[in-house]
Amino acid sequence: MVGDGFRVQNIFPNGNRLGKRISPFFLMDYGAPAYFPPSDKPRGVDEHPHRGFETVTILYQGALEHRDSAGNYGKLYPGDVQWMTAGSGVVHEEKHETEFARQGGTLEAVQLWVNLPRVHKMTAPRYQELSKDTIPVVPVGQHSGLRVIAGSFNGHPGPASTFTPINLYDIQLKAGDSVTLSLPENYSTGIVTLKGSVNYNETHAAKAAEMALFDTAGEEISITAITDATLLVLNGEPIDEPIFAYGPFLMNTEQDIITAIDDYNAGKMGHLK
Ligand code: MN
């Protein structure tokens, strides 16, 4: 559990063994569909800080509500994506949306941590609320769709603004349908099967909650759904810098982390009002 509201599987890091192979992506949690009974007090994660990276929340089912030390407040519904740049530091809480909590229901969501290069780690905090209707759905196969959250696919750009080059796709692939991805040279590529099962390049099978890591040589990857499948494609230019991570902070050095803890304790990242 993350807080009392998110029942998640950690897809990576897995003891950091992936290292740079999946940079600039640092962490991914998947909350597979889970039922939460009615509650007058919304479940979730209480006030906590972040610095040095971005959190990307992709909501598939349920409803979420967040607020932060800069006075930002918002709600997420299925299909919406929140791209939060923590940068120099925010304090926020992540909860089930009040009415959803009151009625109870099924929640399904992904949270991804995207690293920032040293030069942007202390950038001002920023939110991109990418509502479902701003995210293009590109038809693929016979009955399937690929949502472009960031970067572009076959000339269709996604709405997210990123600090380093990233392609982030959310694919719903019907059984029997295929999609071919042509990915840039020297980028990291991980494809996570959230639901269902697929074949890569007609040879390698993957099932739910498995991530396939690809070589960084630019290549074509063809994906065929064996059963109806939901996939998340993580593709980006690696950030070739040292990483020093501690709890909610993702920095370059141990000293950066000590400074982050001091700044948080001194109230420099603010408080929820
Ligand atoms: Mn958080």
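**Figure 1. The manganese site.** Four side chains coordinate the manganese ion: His48 (NE2), His50 (NE2), His92 (NE2) and Glu94 (OE), at 2.1 to 2.2 Å. The model is predicted. Along the chain, the donors follow the spacing H-x1-H-x41-H-x1-E. His50 belongs to strand 3 (residues 44-50) and His92 to strand 8 (residues 90-96), so this pair ties together parts that are 42 residues apart in sequence. Both His50 and His92 are buried. For comparison with a modelled site, ideal angles at a metal are 109.5 degrees for four tetrahedral donors, and 90 or 180 degrees for six octahedral ones.

**Figure 2. A salt bridge between strand 9 and strand 17****.** The side chains of Glu108 and Lys195 meet at 3.1 Å, N to O. Glu108 sits in strand 9 (residues 105-115) and Lys195 in strand 17 (residues 188-195), so the contact ties together parts that are 87 residues apart in sequence. Is Glu108 buried or exposed? Glu108 counts as buried, because its relative accessibility is 2%. Lys195 is partly exposed, with a relative accessible area of 30%. Side chains of opposite charge can pair when their charged atoms come close. In the whole structure, a search finds ten salt bridges.

**Figure 3. A salt bridge between two loops****.** Asp228 pairs with Lys174, and their closest N and O atoms are 3.9 Å apart. Asp228 lies in the loop between strand 21 (220-225) and strand 22 (229-236). Lys174 lies in the loop between strand 15 (166-173) and strand 16 (178-182). The pair therefore ties together parts that are 54 residues apart in sequence. Both ends are partly exposed: Asp228 has a relative accessible area of 44%, and Lys174 has one of 40%.

**Figure 4. Further charged contacts.** Lys207 forms a salt bridge with Glu210, with the closest N and O atoms 2.8 Å apart. Lys207 counts as exposed, at 51% relative accessibility. Glu210 counts as partly exposed, at 28%. Elsewhere, a network of salt bridges links Arg51, Asp263 and Lys268. Arg7 makes a contact of another kind: Arg7 lies over the face of Phe36, at 5.0 Å from the ring centre.

**Figure 5. An edge-to-face aromatic pair****.** How many aromatic pairs does a search of the whole structure find? The search finds three. Phe153 and Tyr169 form an edge-to-face pair, with 5.5 Å centre to centre and 75° between the planes. Phe153 lies in strand 13 (residues 152-153) and Tyr169 in strand 15, so the pair ties together parts that are 16 residues apart in sequence. Phe153 and Tyr169 are buried.

**Figure 6. Strand 12 and its partners.** Strand 12 (residues 144-150) is mostly covered, and seven of its seven residues are buried. Strand 11 (residues 137-140) runs antiparallel to strand 12, and four bridges join the two. Within this pairing, Val140 stands opposite Ser144. Strand 11 and strand 12 form a hairpin with three residues between them. In the turn, Gly141 has a positive phi of about 60°. Strand 12 also pairs with strand 15: five bridges join them, and they run antiparallel. Here Ala150 stands opposite Leu168.

**Figure 7. Two nonpolar cores****.** The largest nonpolar core has 25 residues. Which residues have the most contacts inside this core? They are Met28, Ile58, Trp83 and Leu168. Apart from the largest core lies another, of 23 residues; among them are Leu173, Phe214, Ile223 and Ala229. In soluble globular proteins, nonpolar side chains tend to be buried together.

**Figure 8. Asp215 in its loop****.** Asp215 lies in the loop between strand 20 (210-214) and strand 21. Asp215 counts as exposed, because its relative accessibility is 55%, and the cut-off for exposed is over 50%. In sequence, Asp215 and Tyr187 are 28 residues apart. In space, their C-alpha atoms are 8.6 Å apart.

Note on methods: Residues numbered from 1 in each chain as written. Predicted model: local features only at pLDDT ≥ 70, side-chain atom pairs only at ≥ 80, totals over all residues. Heavy atoms only, no water. Salt bridge = Lys/Arg side-chain N within 4 Å of Asp/Glu carboxyl O. Buried < 20%, exposed > 50% of the residue type's maximum accessible area, 1.4 Å probe, protein only. Donors = N, O, S within 2.8 Å, 3.2 Å for Na, K, Ca; no water. Phe/Tyr/Trp six-rings, centres within 6.5 Å; stacked < 30°, edge-to-face > 60°. Lys NZ or Arg CZ within 6 Å of the ring centre and 35° of its normal. Core = buried A, V, L, I, M, F, W, Y, C linked by side-chain atoms within 4.5 Å. Pairing = 2+ DSSP bridges.
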